[in-house]
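User: Please take a close look at the loop residues with unusual backbone angles in this model. I would also like to see how they relate to the interior of the protein.

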Amino acid sequence: MICNMKHKKMISKGHLKTFFLMCLFTLLPLHSQAQCTFRNTAFGGGEFLSYNLYYNWKFVWVKAGTASMYTVKSKYKGEDAYRASLTTRGNKNVDQMFVLRDTLLCYSSDELAPLYFRKGAREGSRYTVDEVWYTYGNGNTYLQQHRQNHEGKHEYQKKTLNECCYDMMNIFLRARSFNPEGWKKGHVVKFPIADGNSIEKAQLRYRGKSTIKADNGKKYRCLELSYMEYDRGDAKYREIVRFYVTDDANHIPIRLDMFLKFGSAKAFLTNMKGARNPITSIVK
């Protein structure tokens, strides 16, 4: 609905209040799939990003492999959707220290409502698979979750929530369209996060701005965001990934600091193609 003030004279006093309430409700989230939608301003189909991976080995950073992220226009169950994938590949030299083979995939609607998520992770000798399917209706979000553990055993479960829920890929796509104007250092966005067998509390924390040099030789003015998950054992939030995204309308990740179970890793941008908006964050 477009609230056109030119029509005020056509509305009786008895209906004026109702009119403005209807205008207000168009700005509020609805308790259905529309509740979980968000305006995409950051990316389009055909975006490709590539990265160098580094791993901290005995206080020395060594080249560990590569990563790539694609976002394309696709279909999900016959409906228009975005498909995004993130793939990490360690090189043979580093395989002796650890094996890193992760593939993350998600589908989201044109309006960024989560539809599907899959993570296949090989870390060391362990290989696990997490999947989440999303459906919406009756004011609820319905999840079907699947976990294949490192022993090859499968676990399925269903959950119903009266709020939106995300996974680590879908929340990242949404976060790229957040408007950080007015955010102060320490600003937090909270949300529930799902994997193959659980739903946990998570948050994005804004840490301010910094200048980051990518592996393409360019420097970018960046926003610094931490993705954090709640650790029940320690009863506090634990940082999982720190993103440095361009301080422009694209919010492209220039650097990622990953805090892994077996150490820490970093990813630096090497190339970008298909950006939706002009790259205005380059520091000259």
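Analyst: In this predicted model, N138 is found in the loop between β6 (126-137) and β7 (140-148). Its phi is positive, at about 55°, although N138 is not a glycine. As background, most residues other than glycine have a negative phi. N138 counts as exposed because its relative accessibility is 74%, where exposed means over 50%.

A second residue with a positive phi is H251, which is likewise not a glycine and has a value near 50°. H251 lies in the loop between β12 (236-246) and β13 (253-260). With a relative accessible area of 8%, H251 is buried, since the limit for that term is under 20%.

H251 also leads to the interior, as it is among the residues that line the largest cavity. The structure holds one cavity of 30 Å³ or more, and the largest cavity has a volume of about 60 Å³. Beside H251, its lining includes A175, F178, P180, W183, Y206, L223, L225 and V245. The lining divides into eight nonpolar residues, one polar residue and no charged residues.

The interior can also be described through its nonpolar cores. The largest has 58 residues, and L143, F191, Y227, I254 and L269 are those with the most contacts inside it. Leaving aside residues up to four places away in sequence, Y227 touches M168, F191, I193, A202, Q203, L204, R238, E239, I240, V241 and F243. Apart from the largest core lies another of five residues, among them Y76, Y107, L115 and Y116. In soluble globular proteins, nonpolar side chains tend to be buried together.

Key:
Residues numbered from 1 in each chain as written. Predicted model: local features only at pLDDT ≥ 70, side-chain atom pairs only at ≥ 80, totals over all residues. Heavy atoms only, no water. Helix = DSSP H or I, 4+ residues; strand = E, 2+ residues; numbered from the N terminus. Buried < 20%, exposed > 50% of the residue type's maximum accessible area, 1.4 Å probe, protein only. Core = buried A, V, L, I, M, F, W, Y, C linked by side-chain atoms within 4.5 Å. Contact = heavy atoms within 4.5 Å. 1 Å grid on protein atoms, 1.4 Å probe; cavity = no way out; pocket = protein on both sides within 12 Å on 5 of 7 lines; lining within 4 Å. Points joined across faces, edges and corners; volume = space filled by probe spheres on them. Nonpolar A, V, L, I, M, F, W, Y, C, P; charged D, E, K, R; others polar.
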